[in-house]
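Good morning, colleagues. Please take a moment with the sequence and the structure before I turn to charged pairs, nonpolar cores and one enclosed element.

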Amino acid sequence: MLTRRRFLTITASLVASPAAAFTEWRGQALGARARILIDHPDSAEIAAEALAEIARLEAIFSLCTESALTRLNRDGRLAAPPFELLECLALCGSVHAATGGLFDPTIQPLWALYAEGYSAGQPPRAEQIARVLERCGWAGLSFDAQEVRLAPGMALTLNGVAQGCIADRVSALLQARGLRHVLVDTGELRAPGPRADGAPWPVTLARGGHLGLAHGGLASSSALGTLFDAAGQVGHILSPLTGLPAVPRWKLVTVTAPGAGLADALSTAACLMESEAQIARALSRFEGARLAHLA
């Protein structure tokens, strides 16, 4: 079944130190497998709080259930939007500007065109793509504390950033409880601090490469991470400039940043970039963001 969530093997796999006394919670976040490693005597209670926080955030960001986002897309406006949605949209605006428009959550109508077309065995034609692109564009979105508004025919997807934002929020909740030796994995990764032994969390990337994460967020994207077609040629990351799928120049792009939401958005946009230098220029707009792996 086609899914908009990245396969966990596309992002990263984490292994805790065998000697560490971590409690591991497993579940789901926005349809992706998620887990949290906790080093605390009240870990069961804390895991329950984290689970409740994930559920609360899914009620804001999910495209698959009734949420603030689905209501916005249905009605074209959302009064009194949740702070977390406004925060996420502000982040999206910053990444949109830094990437020359390559990161643009308003491509939801375009994504739907591809998903529905390939599901019916009818890939979208050039003229269909051109018409749908007229309903996309960051300039058609406006938001403030009172309301989020979309131009007629528009819709948003936050699937290139929301998993990271959820990891950031859950990490903040755990930090508020005084926990530092925690790893949050919602498909994107966030660590408020290193392992209890002081070592970074070891990250093994699915397509090769190893790195450590001690503080901040990490996210990986692949142009062919999720596919529209059975032949495995048409990926899920679409250009808001041309309406076409990302050319698979890179098998995997991994970005680290102060937050997982930022790393998530930047790694997604990087899949549409033509060179490592272009990726570096975009990341340089954000303090602490760096290209951790490119394959």
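**Salt bridges, cores and an enclosed helix**

I begin with Glu87 and Arg169, whose side chains form a salt bridge with an N to O distance of 2.9 Å. This pair ties together distant parts of the chain, as Glu87 sits in helix H4, residues 83–98, and Arg169 in helix H7, 82 residues apart. Please bear in mind throughout that this is a predicted model.

How exposed are the two partners? Glu87 is partly exposed because its relative accessibility is 39%, which lies between the limits of 20% and 50%. Arg169, at 23%, is likewise classed as partly exposed.

A second pair also involves distant parts of the chain. Glu49 and Arg177 meet through their side chains in a salt bridge, at 2.3 Å from N to O. Glu49 belongs to helix H2, residues 43–61, while Arg177 lies in the loop between helix H7, residues 162–176, and strand S7, residues 182–185; the two are 128 residues apart. Glu49 is partly exposed at 27% relative accessibility, and Arg177 is partly exposed at 32%.

Next comes the salt bridge between Glu127 and Arg125, where the closest N and O atoms are 2.8 Å apart. Here, too, the partners are partly exposed: Glu127 has a relative accessible area of 41%, and Arg125 has one of 47%. Elsewhere, Glu66, Arg71, Arg74 and Asp75 are joined into one network by salt bridges that share partners. The count for the model comes to 13 salt bridges. As a general point, side chains of opposite charge can pair when their charged atoms come close.

Let me move to the nonpolar interior. Which residues have the most contacts inside the largest nonpolar core? They are Phe61 and Leu158, in a core of 62 residues. Another core lies apart from that one; it has 13 residues, including Ile107, Ala115, Phe228 and Leu238.

Finally, I turn to helix H8, residues 260–270. All 11 of its 11 residues are buried, so H8 is largely enclosed by the rest of the structure. The buried residues include Asp264, Ser267 and Thr268, alongside others such as Leu262 and Leu266.

What covers the buried residues of H8? The covering elements include the helices H4, H7 and H9, the last of these spanning residues 276–283. Strands contribute as well, among them S8 at residues 189–191, S11 at 216–221 and S12 at 253–257. H4 and H7 thus appear twice in this account: they carry Glu87 and Arg169, and they are among the elements that cover H8.

Methods
Residues numbered from 1 in each chain as written. Predicted model: local features only at pLDDT ≥ 70, side-chain atom pairs only at ≥ 80, totals over all residues. Heavy atoms only, no water. Salt bridge = Lys/Arg side-chain N within 4 Å of Asp/Glu carboxyl O. Helix = DSSP H or I, 4+ residues; strand = E, 2+ residues; numbered from the N terminus. Buried < 20%, exposed > 50% of the residue type's maximum accessible area, 1.4 Å probe, protein only. Core = buried A, V, L, I, M, F, W, Y, C linked by side-chain atoms within 4.5 Å. Contact = heavy atoms within 4.5 Å.
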